[in-house]
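Thanks for making the time this morning. I would like to walk through one model with you, beginning with the strands and then turning to the ligand.

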Amino acid sequence: MTDSADRDTADWDIASGVGLTALATAACRAVETLREPPLVRDPYAGAFVQAARAPTPMPVTPQEADGDQTFPWPEFARYVGVRSRLFDELSLTAVADGLRQVVILAAGLDTRAFRLDWPPGVTAYEVDAPRVLAFKDQVLAGAGARPRCARRAVLADLRGRWTPALLTAGLDPASPVAWLAEGLLPYLSDEEKDRLLAGMRELSAPGSRIAIEHFAGMDSMRDYAAFTEAPRLNNVDFDVTALWAHEEATDPGPWLARIGWSVDARPIADVAAGYGRPLPATLPEGMLSAVMITARLT
Ligand SMILES: C[S@@+](CC[C@H](N)C(=O)[O-])C[C@H]1O[C@@H](n2cnc3c(N)ncnc32)[C@H](O)[C@@H]1O
């Protein structure tokens with residue numbers, strides 16, 4: 001089942017604009033899946049990269065990542081692997097504690113609905129741009145993938161009025177929700193972040209949870225040479241830094257605490273160290289200092 005809202009504005013595909021960042025994230029998961037031991041196991045990630053007509057080369061194996069002289073793929077794959085694993089764990093903890101609605105905001109090519117061991121009765125709602133989710137469905141269908149929970153694709157622009165689409169897709173605001181938001185906030189202005197958080201609050205019954213990735217140092221990201229060097233070396237016209245809003249007044253932790261959520265914040269560097277896979281110091285400062293915010297509503 002799908003529903004739509006603002007489908008005209010979120011018009012990018014998987015090989016352009018912010019859609020390409022979903023593909024790069026899948027490439028990172030493909031690489032990490034084949035590391036020993038893997039931080040995350042995503043059997044579909046490589047198929048996305050192979051099916052897409054990406055304007056720039058992307059690895060699907062550790063060998064390809066390690067051999068790429070144009071972009072530090074191994075470091076980025078480590079970061080994405082740590083983040084994906086943490087969000088996998090938070091998702092499974094939420095459903096083990098009885099929540100049955102999981103909303104993955106800016107789901108991109110995330111395949112949690114297909115690869116995690118969900119208990120009966122779970123519905124995963126995946127919110128992203130129509131063409132990103134259409135590409136994902138097409139590749140997963142080609143791979144014979146079957147969701148392991150009820151899955152709803154929600155076609156919406158998270159900068160606009162996205163909550164009606166989620167309700168039309170079946171979300172029950174009277175039951176608690178586990179919200180996930182990875183790799184999303186840098187693309188939203190502060191005003192859009194505020195509206196996003198307010199929308200999440202509006203649909204959150206007591207017992208709801210949030211897991212959200214927050215970058216507090218986006219300025220350092222703008223100056224990270226590989227973001228501009230890699231497109232130049234690969235002769236590609238793509239500037240990821242131009243996609244970021246570079247606005248950081250909204251810190252979701254204090255924002256949520258002010259309206260009654262119990263908030264916890266863990267630096268991703270600590271999470272990575274806890275997995276025995278520390279973040280490489282060569283990553284941009286903004287990623288090294290990223291914080292994984294979790295919140296609960298009682
Ligand atoms: C870096 S990717 C992360 C994807 C996914 N969360 C993951 O970790 O694999 C960013 C995603 O945000 C989505 N996105 C960015 N801005 C959005 C918006 N305004 N509305 C809906 N999706 C958006 C993009 O389409 C893309 O899939």
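Let me begin with strand S2, residues 101–105, where 5 of the 5 residues are buried, so that the strand is largely enclosed by the rest of the structure. Please keep in mind throughout that this is a predicted model. In a regular strand the side chains alternate between the two faces of the sheet. In S2 both of those faces are covered, since Gln101, Val103 and Leu105 on one side are buried, and Val102 and Ile104 on the other side are buried as well.

Which strands does S2 pair with? With S3, S2 runs parallel, and 5 bridges join the two; to give one position in that pairing, Val103 has Tyr125 of S3 as its bridge partner. With strand S5, residues 177–181, S2 again pairs in the parallel sense, over 5 bridges, and here Ile104 stands opposite Leu180.

Moving on from S2 by way of S3, which covers residues 123–128, we reach S4, and these two strands pair in the parallel sense over 6 bridges. The connection between them passes from S3 through helix H6, residues 130–142, to S4, and this β-α-β crossover is right-handed. Strand S4, residues 150–156, has 5 of its 7 residues buried, so S4 too is largely enclosed by the rest of the structure.

One residue in this region deserves a pause, namely Glu126, which has its place in strand S3 and stands opposite Ala153 in S4. Is Glu126 buried or exposed? Its relative accessibility is 0%, and because the cut-off for buried is under 20%, Glu126 counts as buried. Its side chain has a polar partner, in that a contact of 2.7 Å joins the side chains of Glu126 and Lys136.

Now to the ligand, which I expect will interest this group. It is surrounded by 18 residues, and the closest of them are Arg29, Ala106, Asp128, Asp157 and Leu158. By type, the residues of this shell divide into 8 nonpolar, 4 polar and 6 charged, and helix H1, residues 19–33, supplies the largest share of the shell, with 4 residues.

As for individual polar distances, a polar side-chain atom of Arg29 lies 2.7 Å from an oxygen atom of the ligand, while a polar side-chain atom of Arg83 lies 2.9 Å from a ligand oxygen atom. On the backbone side, a polar atom of Glu182 is 2.9 Å from a nitrogen atom of the ligand. How much of the ligand does the protein cover? On its own the ligand has 590 Å² of accessible area, and the protein covers 98% of that.

Before I stop, there are two further places that I would like to point out. The first is Thr70, located in the loop between helix H3, residues 62–67, and H4, where its side chain takes part in a polar contact of 2.5 Å with the side chain of Asp68 and in another, at 3.2 Å, with the side chain of Asn234.

The second is Val95, which lies in helix H4, residues 73–96, and is buried, with a relative accessible area of 3%. If you compare its position with that of Cys28, the two are 67 residues apart in sequence and 26 Å apart in space, taken from C-alpha to C-alpha.

How values were computed:
Residues are numbered from 1 along each chain as its sequence is written. This is a predicted model: local features need pLDDT of at least 70, side-chain atom pairs count only at pLDDT 80 or more; totals for chains, interfaces and linings use all residues. Side-chain values use heavy atoms; hydrogens and water are left out. Buried means under 20% relative accessible area, exposed over 50%, partly exposed in between (1.4 Å probe, protein chains only). Two strands pair if DSSP finds at least two bridges between them. A crossover is right-handed if, with the strands pointing away from the viewer, the path from the first strand over the helix to the second runs clockwise. A residue is near a molecule or strand if one of its heavy atoms lies within 4 Å of it. A polar contact is a pair of N or O atoms within 3.5 Å; within protein, one must be able to donate a hydrogen and the other to accept it, and residues adjacent in sequence count only if both atoms are side-chain atoms. Accessible areas come from the Shrake-Rupley method with a 1.4 Å probe; for residues, only the protein chains shown count as cover. Ala, Val, Leu, Ile, Met, Phe, Trp, Tyr, Cys and Pro count as nonpolar, Asp, Glu, Lys and Arg as charged, and the others, Gly among them, as polar.
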